[in-house]
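Here is a short report on one protein chain. Look at the fold as a whole, then at a few chosen residues.

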Amino acid sequence: RFGITKVTTTSTPETPKEEPKVETQETPVDLGNNFYAKITTSNASNKNLSLSDNNVVLYENSNAPAQTWRFAKQDDGSYVIINQKTGTCLSVAGNGTASGTGVVIEPLNGSAGQKWFIYKQGTYYTLRPASTTNCVLDAYAASTENLTKINIYEKNGTGAQLFAITKGSYFDFVGPADVGTGFVATITNIN
């Protein structure tokens, strides 16, 4: 003989699937307008953004105009960052958007690759070009060697993407110049 047993199962309600998290963009900081500053990597307190030909690189701290930048605030909250040696702008090469694109200096052209949003990260800052939403200023391979190239790279929160912005007057950074003797000059107050 065979018996039949009725088995009743209870179903558990299906757990809703979690939506993927979307990273929200922080609010850019307002550091003021039309000021001079040095930009120093958080990975080495003596290495500043500087120039090597048209490339932006890290280089040991000096009072050279190549390491002094003027920050000009734009209406959208971004900054155009102008090198004082050349009068040209911190720019993503070719207005690029891809992770790994180099950062160079170019004449002001109004492109999104020359507008930088600045975000506070603890005691440091990240700088994001308006040409991309997911890449920020980055020291290549997190190196701190002289002539390390600067690029944009997907935001990862490492020290290679954190920078100090140290404000000062132009003359705080470059100091007085020895212009020689035997000439006549007109001195104009620039303030």
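The text below goes from the overall model to an aromatic cluster and then to two buried residues.

**Overall picture**

This is a predicted model. The mean pLDDT of the protein is 86. A score of at least 70 is reached by 79% of the residues. Residues 15–25 are a weak stretch, with pLDDT below 50. Leaving aside near neighbours in sequence, that stretch has four contacts in the model.

The protein holds twelve strands and one helix. Along the sequence, the order is β-β-β-β-β-β-β-β-β-β-β-β-α. The helix thus stands at the end of the pattern.

The protein has 191 residues, and 38% of them count as buried. Its exposed surface is about 11800 Å². Carbon and sulfur atoms supply 50% of that area. Consider the contacts between residues at least 6 apart in sequence: 54% of them join residues at least 24 apart.

**The aromatic cluster**

How many aromatic pairs does a search of the whole structure find? The search finds three. Two of them share F35 and are set out here.

| Pair | Centre to centre | Angle between planes | Geometry |
|---|---|---|---|
| F35 and F71 | 4.8 Å | 10° | stacked |
| F35 and Y79 | 6.2 Å | 70° | edge-to-face |

The F35 and F71 pair links distant parts of the chain. F35 sits in strand β1, residues 35–41. F71 belongs to strand β4, residues 69–73. The two residues are 36 apart in sequence.

The pair of F35 and Y79 also links distant parts of the chain. Here strand β1 is joined with strand β5, which covers residues 79–83. The separation is 44 residues.

F35, F71 and Y79 together form one aromatic cluster. Are F35 and F71 buried or exposed? Both are buried. F35 has a relative accessible area of 9%, so it falls under the 20% cut-off for buried residues. Y79 counts as buried because its relative accessibility is 0%.

F35 has a charged neighbour too. K167 lies over the face of the F35 ring, at 4.4 Å from the ring centre.

**F163 in strand β12**

F163 is part of strand β12, residues 163–168. Its relative accessibility is 0%, and therefore F163 counts as buried.

Which residues does F163 touch, leaving out those up to four places away in sequence? The list is I39, T40, T41, S42, L49, Y124, Y125, L127, L137, D138 and A139. Of these, I39, T40 and T41 fall within the residue range of strand β1. Y124, Y125 and L127 fall within the range of β9, while L137, D138 and A139 fall within that of β10.

T126 gives a further view of this site. F163 and T126 are 37 residues apart in sequence, yet their C-alpha atoms are 6.4 Å apart in space.

**S131 in a loop**

Where does S131 lie? S131 is in the loop between β9 (124–129) and β10 (135–139). This loop residue is buried, because its relative accessible area of 15% is under the 20% cut-off.

Beyond residues up to four places away in sequence, S131 touches V92, N95, G96, T97, A112 and G113.

Technical notes:
Residues are numbered from 1 along each chain as its sequence is written. This is a predicted model: local features need pLDDT of at least 70, side-chain atom pairs count only at pLDDT 80 or more; totals for chains, interfaces and linings use all residues. Side-chain values use heavy atoms; hydrogens and water are left out. pLDDT is the predictor's confidence in each residue, from 0 to 100. Contact means heavy atoms within 4.5 Å. Helices (H or I, at least four residues) and strands (E, at least two) are DSSP runs, numbered from the N terminus. Buried means under 20% relative accessible area, exposed over 50%, partly exposed in between (1.4 Å probe, protein chains only). Accessible areas come from the Shrake-Rupley method with a 1.4 Å probe; for residues, only the protein chains shown count as cover. Rings of Phe, Tyr and Trp (its six-membered ring) pair if their centres lie within 6.5 Å; planes under 30 degrees apart count as stacked, over 60 as edge-to-face and the rest as tilted. A charge sits over a ring if NZ of Lys or CZ of Arg is within 6 Å of the ring centre and within 35 degrees of the ring normal.
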